[in-house]
Amino acid sequence: MDFSLNDEQKMMIDTVRRFIADELKPLEDELELNGSLPQAKALAVHNKAKELGLYGMNMPPELGGGGLSNLDRILCEEQFGHTTDYLIRRAFGNVYEPLLHCKGAQVNRWLKPAVAGMRTCAIAITEPGAGSDAAGIKTRATQQADGSWRLNGGKHFISDGEWSDFFLVSAKTGDKEISMFMVDKGLPGFTVGKDQIMMGLRGTPHLELFFDNVPLEAVTLLGEQGQGFKLAMGALNVVRLAQVGARAVGKASRVLALMVDFANQRQQFNTKIGDFQMIQQQIADSVIEVNAARWMVYQAAWMLDQGLDAREQIAMVKVHAAETLGRVVDRAVQVFGGMGFCKELPIERYYRDARIYRIFDGTSEIHRGVIAKSTLKKGAALFDINC
Ligand SMILES: Cc1cc2nc3c(=O)[nH]c(=O)nc-3n(C[C@H](O)[C@H](O)[C@H](O)COP(=O)(O)OP(=O)(O)OC[C@H]3O[C@@H](n4cnc5c(N)ncnc54)[C@H](O)[C@@H]3O)c2cc1C
């Protein structure tokens with residue numbers, strides 16, 4: 001068993017880390033203060049990342065992507081966690097894996113432009129009445145005599161909806177059947193509602209979408225009728241590992257580094273606060289938990305690279321990495337004292353941004369349910385070696 005990173009991996013991490021430090025971090029305060037960036041600045045970041053080959057790194061090279069293995073992608077995503085959601089989206093893209101199920105004419109119309117950063121995509125599954133129960137949606141696509149569809153219903157909380165050119169939308173195509181459609185913004189009957197203001201993730205819009213008899217060509221159906229949703233949910237597993245698991249580890253690492261620096265500098269009672277055992281315990285617990293979460297993320301990525309089924313491991317990562325991040329940012333606020341709560345430092349922002357990790361992409365409760373059910377069925381295979 002070899003846990004070391006090779007030279008290419010170290011170089012790749014270094015490149016991404018430097019890009020984030022030089023190009024993205026300087027924009028964070030402006031984004032937080034104004035809730036948005038001027039379009040020109042956002043585009044400059046987007047274009048620079050593309051020039052450096054950092055955009056769409058998760059996609060295969062024959063499509064113009066970076067062709068990274070799952071493990072290499074995870075190493076990058078961990079670094080992405082060092083900056084904010086909006087800037088990650090602009091620089092590195094939201095090129096979601098379900099798009100890889102595009103076929104024929106779909107490839108040039110949606111997949112390739114998405115990989116090239118010419119068209120941006122968002123995933124639209126959640127509805128006001130259907131969140132954790134993603135199969136409980138009301139949005140419906142009805143097939144017409146000529147094979148085209150009419151879409152009716154609505155979605156909410158759709159991340160990056162404002163910037164997006166098209167949406168991967170789940171819709172009922174039968175009583176017990178759900179399909180996925182690629183729905184272009186601007187189609188007649190497709191309206192974008194309000195931006196639902198969140199506790200954190202400043203800059204990223206979260207939109208309502210309304211579909212009123214939206215005409216969809218037959219070619220908009222992703223995968224087979226009734227199968228696209230399953231395909232998409234499967235492909236979203238790797239997104240969950242990358243965008244929640246790895247980013248949570250990266251974010252927790254950044255916060256922990258700030259906590260350690262502060263504990264080494266801040267003096268009270270003529271003593272560095274890092275010399276107080278109660279502060280040391282908060283640092284030690286954070287270091288232990290971040291390292292454990294990181295290795296869980298890497299193991300799940302390695303399993304995917306071996307072609308193994310990592311669904312349960314990814315569910316475990318989702319819970320553990322998200323909850324680790326939550327505990328680490330909470331301790332950071334405590335270690336920073338009043339400055340942890342004060343907007344003059346970014347700690348309170350990290351605290352707010354971290355909270356969603358336990359909710360989106362399946363709540364901790366839903367993933368604990370998956371893990372428990374699988375364990376009750378499969379037993380020791382999920383927690384013992386060689387079973
Ligand atoms: C910032 C943000 C960004 C998002 N981005 C997107 C996006 O881009 N695309 C998209 O489609 N969706 C998106 N979502 C939606 C997100 O995935 C859902 O909010 C999430 O799945 C939870 O659904 P819900 O909010 O409806 O909560 P509910 O499902 O109503 O859950 C409420 C509570 O009940 C618990 N619960 C529900 N069912 C069970 C159960 N079986 N057992 C135990 N407990 C249960 C939950 O864990 C939770 O604690 C986003 C949400 C937010 C807040």
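Ala, Val, Leu, Ile, Met, Phe, Trp, Tyr, Cys and Pro count as nonpolar here, Asp, Glu, Lys and Arg as charged, and the others, Gly among them, as polar. With that in hand, the shell around the ligand sorts into 12 nonpolar, 7 polar and 1 charged residues. Keep in mind that you're looking at a predicted model.

**Around the ligand**

Let's stay with the ligand for a moment. It is surrounded by 20 residues, and the closest are T126, G131, S132, T363 and E365. Where do they come from? β1 (121–124), β3 and α11 (364–378) each bring at least two residues to the shell. Seen by domain, domain 2 (121–224) and domain 3 (230–382) each contribute at least three residues to the shell.

**The domains**

Stepping back, the domain assignment splits the protein chain into domain 1 (7–115), domain 2 (121–224) and domain 3 (230–382). Domains 1 and 2 have their C-alpha centres 24 Å apart. They do touch: 19 residues of domain 1 are in contact with 15 residues of domain 2. On the domain 1 side, the elements giving two or more residues are α1 (7–34), α4 (85–92) and α5 (105–115), and α5 has the largest share with 4 residues. That side of domain 1 is made up of 10 nonpolar, 6 polar and 3 charged residues.

**Strands side by side**

Now for the strands. Here are the antiparallel pairings, each with a pair of residues that stand opposite each other.

| Strands | Bridges | Facing residues |
|---|---|---|
| β3 (149–159) and β7 (206–216) | 8 bridges | I158 and L207 |
| β6 (190–195) and β7 | 4 bridges | V192 and L209 |
| β4 (166–174) and β5 (177–184) | 8 bridges | F167 and V183 |
| β5 and β8 (221–222) | 2 bridges | M180 and L222 |

So β7 pairs with β3 and also with β6. Strand β5 has two partners in the table as well, β4 and β8. The link from β4 to β5 is a hairpin through 2 residues. Is β5 largely enclosed or largely open? It is largely enclosed by the rest of the structure, because 6 of its 8 residues are buried.

**Inside the protein**

In soluble globular proteins, nonpolar side chains tend to be buried together. In this model, the largest nonpolar core holds 100 residues, and L168, F181, V183, L241 and V297 touch the most other members. Helix α6 gives the most to this core, with 16 residues. To get a feel for the packing, pick V297: leaving out residues up to four places away in sequence, V297 touches I74, L241, G245, A246, V249, V317 and A321.

Helix α6 is also home to L236. Why does L236 count as buried? The cut-off is 20 or more other C-beta atoms within 10 Å, and L236 counts as buried because it has 21 C-beta neighbours inside 10 Å. L236 and D361 are 125 residues apart along the chain, and 8.6 Å separates their C-alpha atoms.

Last stop, helix α10 (residues 347–354). Which of its residues are buried? They are I347, Y350, Y351, D353 and A354. Among the elements covering these buried residues are α6 (228–265), α8 (311–336) and α9 (338–341).

Note on methods:
Residues are numbered from 1 along each chain as its sequence is written. This is a predicted model: local features need pLDDT of at least 70, side-chain atom pairs count only at pLDDT 80 or more; totals for chains, interfaces and linings use all residues. Domain bounds come from an automatic or database domain assignment. Two residues are in contact if their C-beta atoms, placed from the backbone, lie within 7 Å. A residue is buried if 20 or more other C-beta atoms lie within 10 Å of its own, exposed if 12 or fewer, and partly exposed in between; C-beta atoms are placed from the backbone. Two strands pair if DSSP finds at least two bridges between them. A residue is near a molecule or strand if its C-beta atom, placed from the backbone, lies within 6 Å of it. A nonpolar core is a set of buried Ala, Val, Leu, Ile, Met, Phe, Trp, Tyr and Cys residues joined through C-beta atoms within 7 Å.
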